[in-house]
Amino acid sequence: MSLTPQTIKTLLVVTFGAFAVWIAAPGENALAQRVVQCHSGGQGTIEECRERDAQSRNVRCRSGGTGTIEECRARDARTRTVRCHSGGSGTIEECRERDRSSRRVECRSGGRGTIEECRERDAQARQRGSSGSTDSGGVLPAGPGRISAGYFDRDYLRSENRQHLGIDTLAAAGSRIASPINGEVVTNRTDASDVMQAYLVIRASNGEEHVFGHISSSLNRGDRVRTGDEIGRVRSWPGQSGRSHVHWGVNRNGVAQAMSGSWGWGRAPADATREDAARRGWRNP
Ligand SMILES: [Zn+2]
């Protein structure tokens, strides 16, 4: 090919044109620096807008609903389930509440318990104080000695790995026990060789049965007792004199019907709840 003036002209035009296009094209750098209108409002470089748009974009939160990533993070944290100090799990807010209500305090009427337990126990102590039912000489199953374990007592659970279905009141071996109710003896197993297994059941006129554990009693099935009558004596704990106590439990439907599996007359499996116990008729004496 020979370089005619026409060819040279054509070559120059093409070369210059390409150069002009190259000059006119914004460099990558220039593009990145250009300020534009962001989708999510305001202005910024493309990079800034991308960041800002991402932050303000609504996403589906793990804990439900939608929100920005920042909002979701905060919300997820609030609804995240954690292990509570006092056992079980819940949101931080729920745990705080639960921990508060399970904290053990000194009860006015003696012993320790949760605020709820103390309230019940204090009310019982007040009632006993005003009913004057200690006048016949015997001690009541829940007084005046120190209560060493309450209904569903946490310390009891910790040391025995069993739930406690009644109230234990410390008393010297031989202490007299007065009936807290009018009723009729339905079971006397107080002659059990193991003090842990010894118990007496009295059915009240309202159908509830009261069980008294770790005692001796000469009453027979069918015997009627009145409030304040002596129903037995606290038995001794071989080798552990400080441990003798009377256990008192109350079951709305009858003690025998509530005993099955590893549920006894005074104790339940460690994982039993108050609701489980209530279904079997147990209540806090
Ligand atoms: Zn007990």
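User: What pLDDT does the protein average, and over which residues is the pLDDT below 50?
Analyst: This is a predicted model, in which local features need pLDDT of at least 70, side-chain atom pairs count only at pLDDT 80 or more, and totals for chains, interfaces and linings use all residues. Residues are numbered from 1 along each chain as its sequence is written. With pLDDT being the predictor's confidence in each residue, from 0 to 100, the protein averages 83, and 83% of the residues score at least 70. The stretch where the pLDDT is below 50 has 12 contacts in the model beyond near neighbours in sequence (a contact being two C-beta atoms, placed from the backbone, within 7 Å), and it covers residues 129-137.

User: Why should a stretch of low pLDDT be treated with care?
Analyst: The stretch concerned here is residues 129-137, where the pLDDT is below 50. Where pLDDT is low, the predicted coordinates should not be read in detail.

User: Is tryptophan 248 buried or exposed, and why?
Analyst: Tryptophan 248 lies in strand S19 (residues 245-251), where strands (E, at least two residues) and helices (H or I, at least four) are DSSP runs numbered from the N terminus. A residue is buried if 20 or more other C-beta atoms, placed from the backbone, lie within 10 Å of its own, exposed if 12 or fewer, and partly exposed in between. Because 25 other C-beta atoms lie within 10 Å of tryptophan 248, its class is buried.

User: How many residues of S19 are buried, and which point the same way as Trp248?
Analyst: S19 is mostly covered, with 7 of its 7 residues buried. His245, His247, Gly249 and Asn251 point one way from the strand. Pointing the other way, together with Trp248, are Val246 and Val250.

User: What separates the C-alpha atoms of tryptophan 248 and proline 141?
Analyst: These two residues are 107 residues apart along the chain. In the model, the separation of their C-alpha atoms is 6.0 Å.

User: Which strands pair with S19, and which residue stands opposite valine 250?
Analyst: Two strands count as paired if DSSP finds at least two bridges between them. S11 (residues 167-170) is joined to S19 by 4 bridges in an antiparallel arrangement, with threonine 169 having valine 246 as its bridge partner. S15 also runs antiparallel to S19, over 5 bridges, where glutamate 209 is partnered by asparagine 251. The antiparallel pairing with strand S21 (residues 282-283) has 2 bridges, and the residue opposite valine 250 there is arginine 283.

User: Which residue of S15 stands opposite valine 201, and which glycine takes a positive phi in the hairpin of S14 and S15?
Analyst: S14 pairs with S15 in the antiparallel sense over 5 bridges, while another 5 bridges join strand S13 (residues 183-188) to S14, again antiparallel. Valine 201 is the bridge partner of threonine 187, and in S15 valine 201 stands opposite valine 211. The hairpin has 4 residues between the strands, and the residue with a positive phi near 95 degrees is glycine 207.

User: How many residues are in the largest nonpolar core, and which strand supplies the largest share?
Analyst: A nonpolar core is a set of buried Ala, Val, Leu, Ile, Met, Phe, Trp, Tyr and Cys residues joined through C-beta atoms within 7 Å. The largest one has 29 residues, and those with the most contacts inside it are Ile177, Tyr199, Leu200, Phe212, Ile215 and Val246. At least two residues each come from S12, S14 (199-204), S15 (209-213), S18, S19 and helix H8 (255-258). The largest share, 4 residues, comes from S14.

User: What order do the strands take in the open sheet of 3 strands, and which are its edge strands?
Analyst: The order is S12-S18-S16, with antiparallel pairing. S16 and strand S18 (residues 230-234) share 2 bridges, and serine 216 has arginine 233 as its bridge partner. Pairing on one side only, the edge strands are S12 (176-178) and S16 (215-216).

User: Is asparagine 161 buried or exposed, and why?
Analyst: Asparagine 161 lies in the loop between H7 and strand S10 (162-164), and its phi is near 55 degrees, a positive value in a residue other than glycine. Most residues other than glycine have a negative phi. Because 10 other C-beta atoms lie within 10 Å of asparagine 161, its class is exposed.
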